[in-house]
Amino acid sequence: TLNSAREEIINITHVVLQKLTAALFHVAKNPRNPQYNHYLFECIAILVKSVCAKSPEHTGTFEQLLFPPFQDVLQLDVAEFTPYVFQILAQLLEYKSDGSGLGESYGALLPPLLSPGVWERKGNIPALTRLLQAYVKQGSAEIVSGGKLIGMLGIFQKLVASKASETSSFDLLKAITQYIPAESIQAMFKEIFRILLMRLQQGKTTRYVRLMTGYLAQFIGQFGSETLFSIFNEMQPNLHIMILGQVWIPRLATDPPVRMEAKTQVIAMTKILCETPSLLNDSVGQQIWLEALKAVTKILSSEESHWGTTSDEVDQDAEISYDPTFSRLHFASRPPLDPFSGIQNPAKTFVTSLGQARASNAAVVQSLMQQGQQSDPKTFTTLDHLMSKF
């Protein structure tokens with residue numbers, strides 16, 4: 001099978017792809033069998049994965065062979081096929097070598113992807129979002145120089161306005177924030193946060209709060225707590241206190257983060273606790289500091305916080321099947337992105353940083369930790385145990 005062949009398939013890539021694309025040309029004219037169509041695209045996806053995961057230099061060959069039939073599908077607007085095409089285009093772009101840019105084919109495809117019409121079909125949105133994430137990661141410089149950043153932010157604004165697409169909106173925003181150079185986007189952050197906060201006022205659902213606080217955590221991890229709080233306080237004095245005390249920290253208690261988001265939240269809370277001395281200036285800020293300390297301790301002690309277990313390998317025994325709501329390709333899937341891959345042990349970083357914060361603000365921090373020990377001895381016993389490990 002293609003899946004078991006792995007690297008050995010390289011020698012016959014052209015032959016196999018020609019057979020698959022010929023079949024694609026045929027069924028695109030009359031896509032009556034959804035099961036067959038799904039497995040056809042799975043075959044293309046595993047071929048891309050088997051070759052390009054080990055040999056990224058072969059992505060150019062796949063582009064030459066796949067772009068013509070894929071462009072036909074997009075021009076014919078074959079609704080059953082477009083989500084598949086977007087997923088494989090994203091997969092292929094993700095495998096391109098870092099620094100190689102978008103290339104001519106992908107560059108020409110970007111403007112149509114930013115037109116509002118292509119986003120109207122709900123089945124396209126998850127795959128299109130992933131494709132734009134790949135564009136931002138691979139071609140951030142070209143997106144900025146080509147004036148495409150505003151268009152991408154327009155897509156984000158469109159997606160975040162609807163509950164049905166809010167998850168995709170944050171996926172896109174996180175990629176933009178991570179990969180677009182700070183100097184090219186920093187002037188837009190205030191407007192981005194205004195949009196996010198307006199949406200929060202309109203509907204404070206559990207999922208939206210989870211998505212928004214997940215983004216705030218990534219932002220702080222990248223740019224620091226003082227940067228975020230400065231933006232908030234330009235919008236409204238002490239807005240950061242309100243968000244922390246009424247939205248963010250309560251969410252960590254009632255809807256604790258897991259896996260990769262747990263890591264990001266620990267990194268953000270560490271910066272809030274240890275790099276925001278202004279939070280200790282008054283009793284309100286001090287209580288928020290104490291609650292943040294409890295929150296990060298509980299995340300670190302939770303059995304659900306397994307951020308180190310994600311594998312690049314797709315489960316070979318997982319069931320592959322067609323789903324009419326969104327046709328996700330098993331062999332084109334990828335693991336969750338880690339925006340802080342350089343931090344291998346966030347628990348150690350937290351303990352080290354907290355120790356430094358205790359040293360620089362000894363009286364206040366020690367007093368708060370004594371309060372915590374009295375009000376929540378179980379959590380602070382856990383904290384003591386955690387700090388003794390490093």
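Let's start with the aromatic rings: a search of the whole structure turns up 14 aromatic pairs. One of them joins Phe193 and Tyr215, whose ring centres sit 5.9 Å apart with their planes at 40 degrees, so this pair is classed as tilted. A pair counts as tilted when the planes are neither under 30 degrees apart, which would be stacked, nor over 60, which would be edge-to-face. The two partners come from distant parts of the chain: Phe193 belongs to helix 11 (residues 189–202) and Tyr215 to helix 12, 22 residues apart. Phe193 is buried, with a relative accessible area of 0%, and Tyr215 is buried with a value of 0%. You can follow the ring pairs further, as they link Phe189, Phe193, Tyr215, Phe219, Phe223 and Phe232 into a cluster.

Please keep in mind that this is a predicted model. How confident is the prediction along the chain? The average pLDDT is 90, and 92% of the residues score at least 70. Helix 12 (residues 206–223), which you have just met, has the highest confidence, at 98, while helix 1 (residues 2–5) has the lowest, at a mean of 54. Residues 309–319 deserve a separate look: the pLDDT is below 50 there, and the stretch has 15 contacts in the model beyond near neighbours in sequence.

Now turn to helix 4, which covers residues 59–76. Its 18 residues reach 25 Å from the first C-alpha to the last, close to the 26 Å expected at 1.5 Å a residue. Along the way there is a kink of about 40 degrees at Leu66, shortly before the proline Pro68. Leu66 is also one of the buried residues of this helix, together with Thr59, Phe62, Glu63, Phe67, Pro69, Phe70 and Val73. What covers these buried residues? The cover includes helix 2 (13–28), helix 3 (34–52), helix 5 (82–95) and helix 6 (103–113). Just after helix 4 ends, Asp77 takes a positive phi of about 55 degrees.

Our last stop is Thr379, which you will find in helix 19 (residues 377–388). Is Thr379 buried or exposed? Its relative accessibility is 9%, so Thr379 counts as buried, the cut-off being under 20%. Which residues does Thr379 touch, leaving aside its neighbours within four places in sequence? Thr379 is in contact with Lys294, Thr297 and Lys298.

Key
Residues numbered from 1 in each chain as written. Predicted model: local features only at pLDDT ≥ 70, side-chain atom pairs only at ≥ 80, totals over all residues. Heavy atoms only, no water. pLDDT = per-residue confidence, 0-100. Helix = DSSP H or I, 4+ residues; strand = E, 2+ residues; numbered from the N terminus. Contact = heavy atoms within 4.5 Å. Expected span 1.5 Å × (residues − 1). Bend = angle between axes of the 7 residues up to and from the residue. Buried < 20%, exposed > 50% of the residue type's maximum accessible area, 1.4 Å probe, protein only. Phe/Tyr/Trp six-rings, centres within 6.5 Å; stacked < 30°, edge-to-face > 60°.
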